[in-house]
Every structure is written in structure tokens, then in C-alpha cells.
Amino acid sequence: MNASVSKEPLDARDRPARLTVGVVGAGRVGPALAASLQLAGHRPVAVSGVSDASRRRAAALLPDVPLVEPAEVLARADLVLLTVPDDVLPTLVEGLAETGAVRPGQLLVHTSGRYGARVLDPALRAGALPLALHPAMTFTGTAVDVQRLAGCSFGVTAPEELRLAAEALVIEMGGEPEWIAEESRPLYHAALALGANHLVTLVAQSMELLAKAGVSAPDRMLGPLLGAALDNALRSGDAALTGPVARGDAGTVAAHIGELRTHAPQAVAGYVAMARTTADRALAHGLLKAELAEDLLGVLADQERRPGGPGPGEAR
């Protein structure tokens, strides 16, 4: 594949050459990206996976693609997707480079949000072309992931001479490339984790509490509310804040915490921490009146100063 891509809008003549594609690490991400590249005309030729779940995912999303060892994946593919956990990635890259598995001119793509292209330096020294393409999407490990890639933003980091090639691959997968500087990758990834991963925890916890309160279908009750809240937040940021904290209803917040201590003590820490953060942001944006904030912050501070300290899992 030629690393220089025309700056004109992509058409059939501007697309990268058809590539053989390999996947090292058949978790939830790799097979979906390979399947998406297959739809764009590239050809998956090899995948590696250790667990039974990985092998099942590979069989479902990449039928008839052989399962081989990682070194053999690199031997067969022009474009290799390294879709392994963040903590495994540096050691994997070093091992592949040291054993001579990396070929000059081979595109080596990792999908870690934490790392930029620099983690691929051992492969770069072996002649590989390093790309960091992180899809800002949560994956299920099923075919629905391929559909969700349409319009999905990718955090792209690569050497400047490979930037257009990296962006072209993202566009072929139906994604939207967003350039992230090497030094900004950890902050970029922290921001996504803060929003997406913690959202899942909050929603799951909220559904458990609603069930304890006797709600028969917590998901059906939360769906419209959370959908509207997310839409408002994306449109208006902090201006979308509503609820007892933003209003300064200290008594309501105290009552909430009392109920949580009785019925779900493990939820107190998260409630207090998020209420304090919400109050700070509401104050800073003029949504929470200072005279009301004093009582509210007092309630939250009292929770942190309770005799005997916080309970198990509570704020310290």
C-alpha cells in the first residue's frame, strides 16, 4: 500500500490497494474491524486467538479464515491488526520485532486508546509502517459491531507521512478519523473511559436500585430519561444539568444518601462523589446559587466526616 494518499475526496481510484488482513488477538474489536475491512474489499487471511470465546468470535465474524499463531498472522498479512489488551501490547510488539516476524513495508495497526504510534517503535525499526487507530465505540463481539462502525469516530495517531493512509483506512471502515497527537493519547483515552465506562456502571447501578424500589421494568423507565439526558448533555454541556444537586435541594440529597445507606451502602461513594462534582460544575456555570450551595456542600461534607469514617466502598 502506498503511504501517500491523494488529498482529493476518496473515490474508487483513491482507495488504498486491496490488502491481505490479519488479526492478532480475536477479542471483541479485531474481528469486527477485519470484517469491516472485508466489506471494503480487503481480504482477511489469518487470525490468532487463545480463548474459546475468541475462537468463536473469529468463526462468527470471519468464517473460513484460519486460526494460526501470531507470527504466522504476520507472515500472511499486509495489514496486521494488533487488538490485544493495553498492558499486553508493548511486550507483544517487542516480541514480534525481536523474532523477525515483522516485515518491511507491512502495515502494523494497534487499536489501543492509551497508546499512540510510539509503542510500535520496535516494529518501525524493523521496517513496519505504524498506525494507531482507536475506534471510540463499545464492542459486543457480535456482527452488530460492524454496523456500529458506520459514523464511529476513530482516534488516529501515526507518523505524518502515514497520516493520510491511516485516515483512508478509517474512512473505508465507515468511520470518521480524528487526529490525536501522540502526547495527548492518555488524556484522550481517559476522557472516553470517564464517559463511556462509568456510564455503564451508573446505569447498571440505577437499574438495580429501581428494581429494589419495586419498578418492574427499570430499563424501560430509564431508557427515555437517559436518552434525553444524553442528548441534552451533548447539545448543551453543563447547561443541561437538572435535578436536586443543580437546584441546591440539600434536604433531598440528604434523604437520598440516607436511603442508599439503608438499601445500597455500596452506592453511597459514587453518589456523594458525583454529587460533589455536579455541584462544583453547577456553581462554576451559574446554575447553582451560592446561598443554596452552602447547605448542599455541607451535607456532602458531613457524609465524609461521619463518625467511624465511610463504610465499605464509601468515599474516603
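**Lining of the second largest pocket, the sheet and model confidence**

In this predicted model, the lining of the second largest pocket comprises 11 nonpolar residues, six polar residues and two charged residues. The pocket itself has a volume of about 280 Å³. Its lining numbers 19 residues, of which Gly25, Ser48, Gly49, Val50 and Pro70 are the closest to the centre of the pocket. Among the elements of secondary structure, strand 2 (43-48) contributes at least two residues to this lining, and helix 2 (52-61) likewise contributes at least two.

Strand 2 also belongs to a sheet. Seven strands make up this open sheet, arranged in the order 2-1-3-4-5-6-7 with mixed pairing. Strand 2 and strand 7 (176-179) are the edge strands, each of them pairing on one side only. From one strand to the next, the twist averages 25°.

Within the sheet, strand 5 (residues 129-135) is paired with strand 6 (residues 153-157) in the antiparallel sense, and four bridges join the two. In one of these strands, strand 6, Val156 is the bridge partner of Leu133. Helix 7 (residues 163-172) packs on the sheet, where it touches strand 3 (79-82), strand 5, strand 6 and strand 7. The direction of helix 7 makes about 145° with that of strand 7.

Confidence in the model was also examined. The pLDDT of the protein averages 91, and 91% of the residues score at least 70. Over residues 1-15, however, pLDDT stays under 50, and the model shows 21 contacts beyond four places in sequence for this stretch. The pLDDT is likewise below 50 over residues 308-316, a stretch with 12 contacts in the model beyond near neighbours in sequence. Where pLDDT is low, the predicted coordinates should not be read in detail.

Note on methods: Residues numbered from 1 in each chain as written. Predicted model: local features only at pLDDT ≥ 70, side-chain atom pairs only at ≥ 80, totals over all residues. Heavy atoms only, no water. 1 Å grid on protein atoms, 1.4 Å probe; cavity = no way out; pocket = protein on both sides within 12 Å on 5 of 7 lines; lining within 4 Å. Points joined across faces, edges and corners; volume = space filled by probe spheres on them. Nonpolar A, V, L, I, M, F, W, Y, C, P; charged D, E, K, R; others polar. Pairing = 2+ DSSP bridges. Axes fitted to C-alpha atoms, helices over the stretch in contact; angles between N-to-C directions. Contact = heavy atoms within 4.5 Å. pLDDT = per-residue confidence, 0-100.
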